Amino acid sequence: MWINLHWICYVFCALCCLNTASFGAILDSRCYLEGGGSAESFLATEDLAVGSIIGKLRINGNPNAETGDINLSLREKNAPVEIHSGTKELALSVELDKEGVRGPSSIYVNVICIRRHSTDPSFVIPVNVRVTDVNDNAPEWIGTPYTLTLSEVTVPGTRILQGARAEDADQPGPFSTVEYQVLPGPYSEYVQFLNPLEGTLVLKKALDYEQLQNFTVKLRAQDQGTPPRHSDTLLRVVITDADDQNPKFQRESYSAEIPVDGRPGELRMRPEPLKAVDQDEGICAPIQYTIVQSQDAKYFRIHPHNGAISLLTPIGYADVANGATLVVKATQIDNPDRYALTTVQLTRPGSHSDLSTLAFVQKRFVMRIREDTAVGNRILALPTNKPGKHLKYIIPDPVNSQFFSVGSLGELVLAKPLDYEKMTKHEFQVLATDGMTNSTAELTLDVIDVNDWEPRFRETHYEFMVPKSSLQSRVDSFEGVLIGKVEAADGDRNDKLELSLRGQHAGLFEIDATGNIYMRPEQLQSLNESTVHLIAIATDTGVPPRSTSVPVSVTMEGLTLAQSGWNSNMLGMFGMIMGLFLMIIVALSCYIVRSKKQGKSASSGLGLGRNRVHSQAHSSVSSANLVTHEKLAGNGNGNGASVTSGGVSVLHMKHGGNITMANPINNGLHHVASGASSSMALGSSAALLERERERERERDRERQRESYAATVRSIVSRASANGQLFEEDEIEHDSLQTENNNRKVAATGVASGGVTTITTTSANAGSNLLSATDAMGSSENNLTVYF
């Protein structure tokens with residue numbers, strides 16, 4: 001009780017001291033930061049106006065000039081911030097710029113705080129102002145304005161400009177991510193960007209030098225801020241003429257009269273001299289004239305450069321009585337594939353050629369035509385032997401009559417767009433009539449495939465949601481997580497599509513040929529966004545290839561949960577390992593402490609068993625006196641014996657008396673039995689010991705048991721040889737207990753320090769004891785043992 005009061009007094013004094021110290025600290029808290037800490041931090045946007053308050057310093061004390069108790073100032077001269085006099089307000093004094101161009105991108109100053117009316121040194125408080133980015137910069141085009149020179153035969157879908165680029169000076173993120181677009185306006189339908197995130201322009205519409213020689217469109221680069229900032233530039237396209245037009249005769253047909261006498265010479269053309277020109281005005285290739293081989297062509301020749309037709313040999317009236325029709329071909333010298341045809345009707349004066357039978361110059365016409373040929377173009381001339389006459393032409397085939405028409409002068413005109421994917425060849429007949437006679441010609445038109453279809457997606461925007469169960473079940477797997485499917489098709493018959501993904505996180509995903517999008521789970525931990533924006537691009541295999549794109553948004557509902565679950569598992573495993581480690585340490589500690597205690601107990605038990613003799617009753621004679629008594633008795637009559645062997649202290653024997661002996665076997669044994677009964681009990685103190693230690697103890701017990709048996713045999717043999725050692729009156733006060741006259745043997749186990757007591761009352765004690773010893777040496781039935 002007094003001790004408890006003593007401790008209470010000490011605790012009370014300590015609390016008083018702490019209270020006094022705290023009160024003193026509160027009185028001296030000036031110039032310390034509120035709530036602790038050693039520095040101040042503020043955030044300021046880069047568009048913060050000069051003179052604006054950045055924040056208020058959380059410094060204890062009053063900086064008022066009159067009633068205050070502290071003074072605040074800045075250590076740095078010409079600092080970008082200032083402290084308003086008499087306040088704790090920190091104000092901006094210069095313009096900020098996160099990019100560091102127009103002003104500082106961060107501020108670090110030191111505030112000096114001085115306690116008034118005190119000799120304490122001043123305090124220096126670091127102040128850090130972090131500048132955050134705003135969308136204050138618009139993208140800037142690089143290398144503008146752009147000028148392109150394109151041939152008019154450039155195929156739509158061709159990439160005409162690569163590397164158009166605009167840079168945004170804002171920090172990486174949405175403020176600096178640039179998107180490109182062609183602004184609506186005149187000629188904006190001719191070009192487009194391949195996708196919004198790339199500065200690659202493609203031709204969208206076919207060019208024609210004869211209709212348009214140049215044009216200008218406006219391009220815009222815009223960031224993703226709110227509101228977005230943009231800048232515009234111009235793209236000027238100059239179109240060059242290409243050899244895409246055939247030569248053209250100035251007249252659909254010509255006529256001439258053969259001289260009456262049939263003399264050779266130049267024929268006079270009507271209504272004007274025969275002439276053809278290249279329709280490509282920018283090229284204006286030279287023309288070469290020839291006469292198409294026919295039955296009547298052998299009589300005539302044509303000048304290759306001016307187109308003048310002459311009669312070669314004299315001909316009689318009967319040779320060309322009904323006149324003749326020549327087919328003249330005008331071919332470009334630099335490109336034989338570019339040519340034009342016309343007819344020249346030759347008549348004799350006074351002949352009635354108009355009454356002749358109508359006939360096509362050729363019975364079969366074969367031609368190849370591109371599927372992108374514009375409607376209304378003249379495809380082919382179908383000359384007859386009656387040029388210049390307004391004949392009637394009919395296409396009997398109802399299908400092909402929708403695609404083609406024939407003019408009154410025999411020109412075949414395209415009436416409906418061709419499509420290679422639907423029909424690769426057109427074969428039909430053309431019937432011509434002048435009202436009296438008819439003629440038929442066969443036409444075969446092979447359609448040339450052109451990559452005129454861009455790939456198309458089924459949707460304009462794809463959005464996919466990945467449930468948390470998919471992510472949690474596949475986060476440790478190497479199998480891809482199916483997110484969704486995009487569908488694209490191409491109208492061209494022989495084109496195949498190739499699908500790809502673009503975007504910042506496109507490397508985390510894969511797309512197969514069928515449009516299935518998979519996520520790579522092994523890289524999932526590197527993703528720190530719940531929504532990923534991608535661009536799916538479909539490119540065909542046509543020549544030139546065409547492509548189109550569509551935005552794809554992937555929202556991962558369980559990404560955060562999957563990552564947190566993985567962290568929880570790791571923490572759980574770490575906790576289990578730490579718990580197991582602590583359990584091992586506790587078990588080892590208990591084992592070491594218990595081993596030390598058992599060692600001490602064993603040492604005390606052995607010492608006790610080796611230094612005294614136990615009896616069943618309280619003994620008034622010490623072990624030392626017994627030893628002395630035994631020696632005296634032995635010296636007196638030679639009938640006494642004192643033997644010390646293997647830790648046994650003393651043995652007293654006498655006929656008709658008792659024998660008590662110390663047993664060194666098994667330290668820690670306890671006394672349980674008395675009289676003629678013996679028992680054995682097993683304790684639980686060694687239950688935690690290892691199996692190997694138990695075996696070692698068993699071997700120790702066997703060795704001690706053998707030593708003990710040998711000692712007992714030696715004592716018994718000596719006692720038998722010496723006979724009676726003491727008189728009964730000499731040991732009446734000894735610790736040996738004598739039964740009345742009963743002749744029996746009692747084995748008693750004493751549990752004091754590992755001592756075993758054997759009491760024998762028999763006239764033949766030597767023989768009985770020896771037999772008991774033999775039994776004890778071979779079995780534990782005569783001993784009471786406790787573990």
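Me: A salt bridge puts a side-chain nitrogen of Lys or Arg within 4 Å of a carboxyl oxygen of Asp or Glu. This model is predicted. In the salt bridge of Glu702 and Arg705, what is the N to O distance?
Reply: Glu702 and Arg705 sit three residues apart in helix H6, so about one helical turn separates them. Their side chains meet in a salt bridge. The N to O distance is 3.0 Å.

Me: Is Arg705 buried or exposed?
Reply: Buried means under 20% relative accessible area. Arg705 has 6% relative accessibility. Its partner Glu702, at 36%, is partly exposed. Arg705 therefore counts as buried.

Me: Which residue forms a salt bridge with Arg703?
Reply: The partner lies in helix H6 (residues 691–722), as Arg703 does, three residues away. The closest N and O atoms are 2.0 Å apart. The partner is partly exposed, at 28% relative accessibility. The residue is Asp700.

Me: Which residues share a salt-bridge network with Arg102?
Reply: One link is the salt bridge of Arg102 and Asp97, at 3.9 Å, N to O. Asp97 is buried at 1% relative accessibility, while Arg102 is partly exposed at 42%. The network joins Arg102 to Glu95, Asp97 and Asp136.

Me: Which residue in E41 stands opposite Val532?
Reply: Strands E40 (residues 531–540) and E41 (residues 547–556) pair in the antiparallel sense over nine bridges. Both belong to an open sheet ordered E34-E41-E40-E37. Opposite Val532 stands Val554.

Me: Where is confidence lowest?
Reply: The mean pLDDT of the chain is 74. Strand E15 (residues 214–222) is highest, at 94. Where pLDDT is low, coordinates should not be read in detail. The lowest mean, 35, belongs to strand E42 (residues 744–749).

Note on methods. Residues numbered from 1 in each chain as written. Predicted model: local features only at pLDDT ≥ 70, side-chain atom pairs only at ≥ 80, totals over all residues. Heavy atoms only, no water. pLDDT = per-residue confidence, 0-100. Helix = DSSP H or I, 4+ residues; strand = E, 2+ residues; numbered from the N terminus. Pairing = 2+ DSSP bridges. Buried < 20%, exposed > 50% of the residue type's maximum accessible area, 1.4 Å probe, protein only.
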